[in-house]
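Subject: The structure I promised you

Hi,

Here is the structure for you to open up and look around in. My notes on what turned up come right below it.

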Amino acid sequence: MRYGHFDDAAREYVIETPATPLPWINYLGNEDFFSLISNTGGGYSFYKDAKLRRITRYRYNGVPADNGSRNYYVTIMDGARPDAKPVETFSPTFLPVKTPLDDYRCRHGIGYTVFEAAKSGIRTSLTAFVPLHTPAEINRFDVTNDTDETKTVDVTGSVEWCLWNAVDDSSNFQRNLSTGEVEVERDNDATILYHKTEFKERRNHYAFYSVNAPVIGFDTSRDEFLGQFNGWDTPQVITEGRAHDSVAHGWYPIAANRVRITLAPGETRSLVFALGYIEVPDDQKWEDPDDPAKVGIINKRPAHDLFARFDSTAKVDAALTELKAYWTALLNKYHVESGDDKLDRMVNIWHQYQCMVTFNMSRSASYWESGTGRGMGFRDSNQDLLGFVHLVPERARERIIDIASTQLEDGSAWHQYQPLTKKGNADIGGGFNDDPLWLIAGVNAYLAETGDMSILTEPVPFNNVEGSEQPLLEHLRRSAHFTMTHLGPHRLPLIGRADWNDCLNLNCFSSTPGESFQTVENNDTGIAESVFIGGMFVLYGGQYADILAHYGEACGMDARSVAAEVAEVREAIDAMTAAVKTAGWDGEWFVRAYDAYSRPIGSHTDTEGQIYIEPQGMCVMAGIGLDDGKARTALTSVKDRLTCEWGTAILAPAYSTYRIELGEISSYPRGYKENGGIFCHNNPWISIANALAGNDDEAFAVYRRNCPAWLEDRSDVRKVEPYVYCQMVAGPESAAPGEGKNSWLTGTAAWTFVDVSQYLLGIRPTLDGLAIEPHLPADYADLTVTREYRGATYRITMHRTGERTLTVDGRPVDGNVVPVADAGSATVNVEVTF
């Protein structure tokens with residue numbers, strides 16, 4: 001069952017009913033100001049940090065499931081007189097009023113969302129977006145009279161303020177219900193409602209909500225607006241047909257502007273509502289600090305300037321055109337023409353769009369991540385770079401520096417950091433022993449994409465301590481050596497608190513209800529080991545050695561030191577490969593780990609959890625077992641034992657009881673999340689591994705089983721959005737196989753784009769140039785990929801002939817690497833046969 005359709009020409013997904021199985025959302029904003037918006041208008045907005053700068057309130061686990069950031073009411077009145085009464089009210093987004101609509105469409109586009117609705121002859125269009133370089137969400141609202149009679153319509157737009165810190169806002173009521181403060185600025189041509197809670201004390205920021213038209217009333221008190229016993233679906237002021245002009249003093253501040261318009265038959269009127277965020281220097285906070293009559297009145301000049309940028313539909317349309325042009329330029333950096341609509345729409349539009357959103361958010365703010373705890377992940381953000389770096393490499397460079405600055409001196413890392421402060425999140429802690437190696441992966445991806453070796457000499461602090469700065473290359477050295485010096489009894493890497501799988505807690509032994517597996521004391525005895533990190537070290541330790549060999553001397557190291565370090569790392573890689581092939585091999589697949597008693601996990605010797613997906617993907621991606629058949633054997637086991645129609649499960653058989661020595665992984669019901677769910681993030685590893693092993697058909701089949709575009713007609717089962725990836729799909733041992741959870745913010749986005757762009761389509765950046773080696777099933781015979789790379793545009797045509805050749809600008813090239821184009825080259829024509 002479908003609930004909408006793709007419009008590839010417009011780069012939109014068109015939702016044709018508000019009754020989607022779950023709220024289907026979009027992200028607005030690309031830099032500092034962000035809004036989440038659902039197909040019924042729900043969501044929330046924040047500036048930089050969804051915990052510390054939350055602008056609008058959102059209720060997780062609310063009923064109904066969607067509520068939110070923007071509530072609009074269109075009320076058909078019985079005339080234009082001051083005492084006119086309401087005849088009928090509807091919401092152009094369906095919620096919150098829930099009046100059945102005569103027509104409804106929600107068009108989620110790239111950085112914008114449009115709602116089109118109609119009721120009783122009144123047609124509306126609401127366009128929401130965050131303009132480039134702007135701390136504001138703009139809502140253009142068009143109202144059209146499709147009847148043959150003159151109509152009077154009241155339009156009320158409203159938001160509910162969050163008191164900045166989302167955690168404190170939802171818990172510290174004894175204080176917060178006394179602190180809310182607002183200001184009202186009502187002019188003949190516009191009204192701006194200001195949220196200035198805590199501004200007079202320690203804050204230098206406020207928010208505002210405005211409309212570019214005269215209002216017939218406003219409200220800033222939620223209690224006055226809703227009235228007793230009412231919700232957002234039935235506000236008292238809407239039922240009465242008049243605003244109360246309320247001014248909030250504490251309690252629950254909101255902002256609601258009511259505009260009355262009279263429409264002749266066929267006439268359209270347009271309004272612009274804006275939700276803005278303003279920061280001012282501490283010495284410029286007040287309108288006039290020297291005038292006693294104006295003490296406490298906020299400096300509104302920056303708000304006036306921001307309002308003026310979007311006070312007409314012409315200005316709004318220009319900003320939306322600029323946003324669309326920006327995205328067109330970004331998405332043109334990698335573009336495929338394969339003849340397959342599903343593949344093309346995912347690669348050209350939705351994969352890359354989700355990569356950008358995930359880069360911006362990490363795992364911090366969605367409908368499933370509250371934004372109040374996790375912040376930006378060290379591991380997560382490095383992985384997100386892999387799929388994002390080609391879009392805006394300068395932002396990737398900045399993110400790498402931010403991440404590396406939270407690394408600890410011994411090479412380990414805080415697991416997460418807050419985006420506003422950019423400091424390690426001690427509440428979540430560290431000790432996840434895979435984290436350091438992901439920094440190498442992120443830096444290698446940046447270097448392969450840009451060739452910008454200057455990042456390696458950038459002074460970067462440890463733990464953000466001033467005076468501890470070392471070149472980024474030294475951070476990479478400590479990352480690699482942390483693994484090299486933290487080995488267990490089998491000479492495999494110690495797992496620490498956990499590795500990539502945060503729920504495999506081998507040193508936790510938690511028995512206290514409600515205790516966090518992520519922060520409980522880590523009883524690391526130097527025994528529990530990770531085969532997965534062993535594969536990681538072979539792969540990313542090898543990348544570190546390659547970086548040294550390419551750039552070490554240019555970074556100021558002498559040739560002898562470079563050679564010695566490279567030799568030491570490669571010797572450690574050889575030893576790790578041997579350990580993985582022996583202690584890490586179970587006979588038909590790679591072992592997952594060894595627990596704190598040195599017993600194998602992910603082994604046929606157990607009755608449950610016999611095989612895990614992670615080491616099969618990572619070890620084969622590292623090349624382990626490609627020379628002796630172990631890789632193919634492991635991948636066959638994955639297909640036979642873990643794979644179903646919905647994808648490849650994380651482990652099998654699922655655990656039926658809680659095992660204290662394994663931790664959180666065994667706490668989930670069978671078939672969900674890490675206990676036998678299809679954890680989509682690591683399915684691309686299996687696809688890549690199959691490609692490297694020469695199993696091209698299975699490599700693409702793994703990709704297709706998870707790909708939203710191929711699952712659109714099963715949306716009633718999958719439930720999540722059919723245009724983006726989700727974190728988890730309920731596995732074959734669950735009660736509801738195929739049901740998706742936790743959409744949008746997942747490493748699946750980056751890793752799947754790496755898979756499809758670099759391995760299936762086969763165009764992979766390296767330190768030396770673009771390696772081209774497609775791995776596609778027989779259905780794909782002729783393709784063209786346009787790829788921007790290091791200042792030139794590469795037009796790559798691929799033809800299936802059964803043999804592999806490479807021609808660059810008409811000249812045959814040995815091997816599979818297209819050399820970096822000469823400076824000044826605009827276009828490089830590449831022909832590939834495969």
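Let's start with the cysteines: the structure holds zero disulfides, a disulfide being a pair of cysteine sulfur atoms within 2.5 Å. In case the word is new, a disulfide is a covalent bond between the sulfur atoms of two cysteines.

Before going on, some housekeeping. This is a predicted model, where local features need pLDDT of at least 70 and side-chain atom pairs count only at pLDDT 80 or more, while totals for chains, interfaces and linings use all residues. Residues are numbered from 1 along each chain as its sequence is written, and side-chain values use heavy atoms, with hydrogens and water left out.

Back to the cysteines. Why is Cys-503 not bonded to Cys-508? The sulfur of Cys-508 is the closest cysteine sulfur to that of Cys-503, but at 11 Å it is too far for a bond. Cys-503 is also buried, at 4% relative accessibility (buried means under 20% relative accessible area, exposed over 50%, partly exposed in between, using a 1.4 Å probe and protein chains only). Cys-680 is in no disulfide either, and its nearest cysteine sulfur, in Cys-726, is 4.4 Å away. Cys-680 counts as buried too, with a relative accessible area of 2%.

Now for the strands. Strands of a sheet pair through backbone hydrogen bonds, either parallel or antiparallel. Here, strands are DSSP runs (E, at least two residues), numbered from the N terminus, and two of them pair if DSSP finds at least two bridges between them.

Strand β33 (residues 726–729) is joined to β32 (residues 678–679) by two bridges, running antiparallel. Three bridges join β33 to β34 (residues 740–743), again antiparallel. Look for Val-729: it is the bridge partner of Ile-678, and it stands opposite Gly-740 in β34.

Next, find the open sheet of three strands in the order β35-β36-β41, with antiparallel pairing. β35 (763–766) and β41 (817–819) are at the edges with a single partner strand each, so one side of each has no neighbour in the sheet. Four bridges link β35 to β36 (residues 769–772), and one pair to look up is Ile-763 with Ile-772.

Another open sheet of three strands, also with antiparallel pairing, has the order β25-β26-β27. Which strands stand at its edges? Those are β25 (529–530) and β27 (600–601). Two bridges join β25 to β26 (residues 593–594), where Ala-593 is the bridge partner of Ser-530.

Have fun exploring!
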